[in-house]
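Biologist: Could you take me through one part of this model in detail, the place where the ligands sit? I'd like a connected walk-through rather than a list.

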Amino acid sequence: MNSILIRNIKSLVGIREANVRLVRGAEMKTLPAMEHAFLLIEDGIIKSFGKNEDAPERADEIIDATGKFVLPAWCDSHTHIVYAGSRENEFADKINGLTYEEIAARGGGILNSAKRLNETSEEELFESAWQRLDEMKNFGTCAVEIKSGYGLSYEGEMKMLRVIRKLKEKSALTIKATFLGAHAYPKQFKSNHQGYLKLLLEELLPKIADENLVDFIDVFCETNYFSVEETKRILEAGAKFGLRPKVHVNQFNILGAVKMCVEQNALSVDHLELISDEDVAVLKNSETIPVALPGCSLFLKIPYTPARKIIDSGLPLALATDCNPGSAPSGNMNLVNSLACINMNMTAEEVINASTINGAYAMEVEKELGSITIGKKANLVITKLASSLTMLPYSFGSNLVERVIVNGNS
Ligand code: NIG
Ligand code: FE
C-alpha cells in the first residue's frame, strides 16, 4: 500500500457526496470547501479528509500545502487533440479578415487537417498528441475526451482511433474516445452525401464498435456540414451500437438540433454560442448537459455561449477547451476558466464546478472523478500560494497550478 498525506491545506475545495452527479442552476454558485484541512490518499484513491488537527501522523509521503488550495483536477470533456501539423497559415488568413467559414470554403479548415492527418504516420500522431496531453496535465487536467474526425476516410478514422486507444493504454490520465467521422464531408463526397454516410454507418461504425474503439458518437451539425436530419440518422445508427451522443451544435447557426439531440438521449450538446429559448426549455428536465467552449469563441471571435441565460434558467453547464488546430489551439483549462469569468460572467465557483464535477458528468466519469469524495480517484490540483480561489481565473494567462496528482502520482 502506498499512502500520501496532504496537510495544512488552506482550503480543500469541491467536497461532494458520492451521489452528486452534476450541479445545476443556482447550485453552481456553491463550492463546498473545508478550511485548514488534510487529505489522505491510499493507492491512488481518496481515503479520507478532514480538519488538519485530525490528520494521521504518518504516511509514505507527506506534502505540506500551507497557503495553498487543493481541488479536483480539471475534466476536459471536449477535445480534438489527435491532429497532424498545425493551421497557423489560416491564423494569418484570419488576421487578414477571413472568417472560419470563408477559410473552410477555400479548402482550409477541417479538410486541411484531414489531408495532413492522412499523410502522417500513426507514431507521429501518437507522439504529438502525447505531448499535448502532457502539457494539459501540467495545466491541471486529469481527464480528457478525444474525438476522431480528421481522418474522414476509412483508414484515416481507424488510424486516429487506434492512436486514441494507445493514449488510453499508456497515459495515467482518464481518456474517453468519441467517433466524429461526421466532422465534414470529404471533397470526393461533397455532392454524394449518401455515399459518405454509407461509408460511416455501414463500414466504419460496425468495425469501430466491433473493436470497442469508442465511448461516444459526435456530429458537426451545422450549415455546410451535417444537417439535423443527417445528424439524427448518424446518432440513431450509433445508438444501435450503444454509443451515446455528444454533439457539436449551434456554433454558427441555430438549426433546431438541440431538441433532436435531447430526444436521442445525448450526454452533451457542445458549443451553443447561440441558444434559443426553446433550446433552454428542452434541456430542462433532460439528462443532457450543455458544454461551453470559450477558447473557440476567443480564437474565432464569435459570440461566447450565454452562460448566464443557461445557468440562471436552472441548467447545468460544463466548460471544456475544444483543443484543436483550427478553432482553439490550446488545451489550457485555466485560460478557459478565466475566459468564462471575463466574457461569460461566471463566478470563480461556477467555473470550478463547470470544469470539475460537470466536466466529469459530460464525459461519464463523474462516479470516479470531479470532486473530493472518499473512494474517488485522487486526481488533484495543488495550487501555488494564493490569497483566494478567485486568484485562479483572475490570473488569466498564468498557471497557478503548482502540482497535479493523478491517481496518487505526481
Ligand atoms: O469544435 N466545429 C467543429 N469542429 C471543431 C473545429 C475543428 C477545426 O476547425 O479543425 C470545433 O470548433
Ligand atoms: Fe469541437
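Modeller: Let's start with histidine 248, keeping in mind that this is a predicted model. An N or O atom in the side chain of histidine 248 sits 3.0 Å from an oxygen atom of ligand 1. The protein wraps ligand 1 up: of the 320 Å² of accessible area that ligand 1 has on its own, 100% is covered. And the space that ligand 1 takes is the largest cavity.

Who else is around? Ligand 1 has 16 residues surrounding it, and Arg87, Tyr100, Tyr150, Gln251 and Ser327 are the closest. Sorted by class, that shell holds nine polar, five nonpolar and two charged residues. For tyrosine 150, a polar side-chain atom comes to 2.6 Å from an oxygen atom of ligand 1, while for arginine 87 a side-chain N or O atom is 2.8 Å from an oxygen atom of ligand 1.

Now back to histidine 248, as it also has a hand on the metal: the iron ion (ligand 2) is coordinated by NE2 of His78, His80 and His248 and by OD of Asp322, at 2.1 to 2.2 Å. Along the chain, the donors of the iron ion are spaced as H-x1-H-x167-H-x73-D. The last pair links distant parts of the chain, with histidine 248 and aspartate 322 lying 74 residues apart. Histidine 248 belongs to strand S10 (residues 244–249), whereas aspartate 322 is in the loop between strand S13 (318–319) and helix H12 (333–344). To tie it up, histidine 248 has a side-chain atom 3.0 Å from an oxygen atom of ligand 1 and gives its NE2 to the iron ion.

Conventions. Residues are numbered from 1 along each chain as its sequence is written. Chains are lettered from A and ligands numbered from 1 in the order in which they are written. This is a predicted model: local features need pLDDT of at least 70, side-chain atom pairs count only at pLDDT 80 or more; totals for chains, interfaces and linings use all residues. Side-chain values use heavy atoms; hydrogens and water are left out. A residue is near a molecule or strand if one of its heavy atoms lies within 4 Å of it. A polar contact is a pair of N or O atoms within 3.5 Å; within protein, one must be able to donate a hydrogen and the other to accept it, and residues adjacent in sequence count only if both atoms are side-chain atoms. Accessible areas come from the Shrake-Rupley method with a 1.4 Å probe; for residues, only the protein chains shown count as cover. On a 1 Å grid over the protein atoms alone, a cavity is a set of points where a 1.4 Å probe fits but cannot get out, and a pocket is an open set with protein on both sides within 12 Å along at least five of seven lines; lining residues have an atom within 4 Å of a point. A molecule sits in a cavity or pocket if more than half of its atoms lie within 2 Å of its grid points. Ala, Val, Leu, Ile, Met, Phe, Trp, Tyr, Cys and Pro count as nonpolar, Asp, Glu, Lys and Arg as charged, and the others, Gly among them, as polar. Donors are N, O and S atoms within 2.8 Å of the metal (3.2 Å for Na, K and Ca); water is not among the atoms, so sites may look incomplete. Helices (H or I, at least four residues) and strands (E, at least two) are DSSP runs, numbered from the N terminus.
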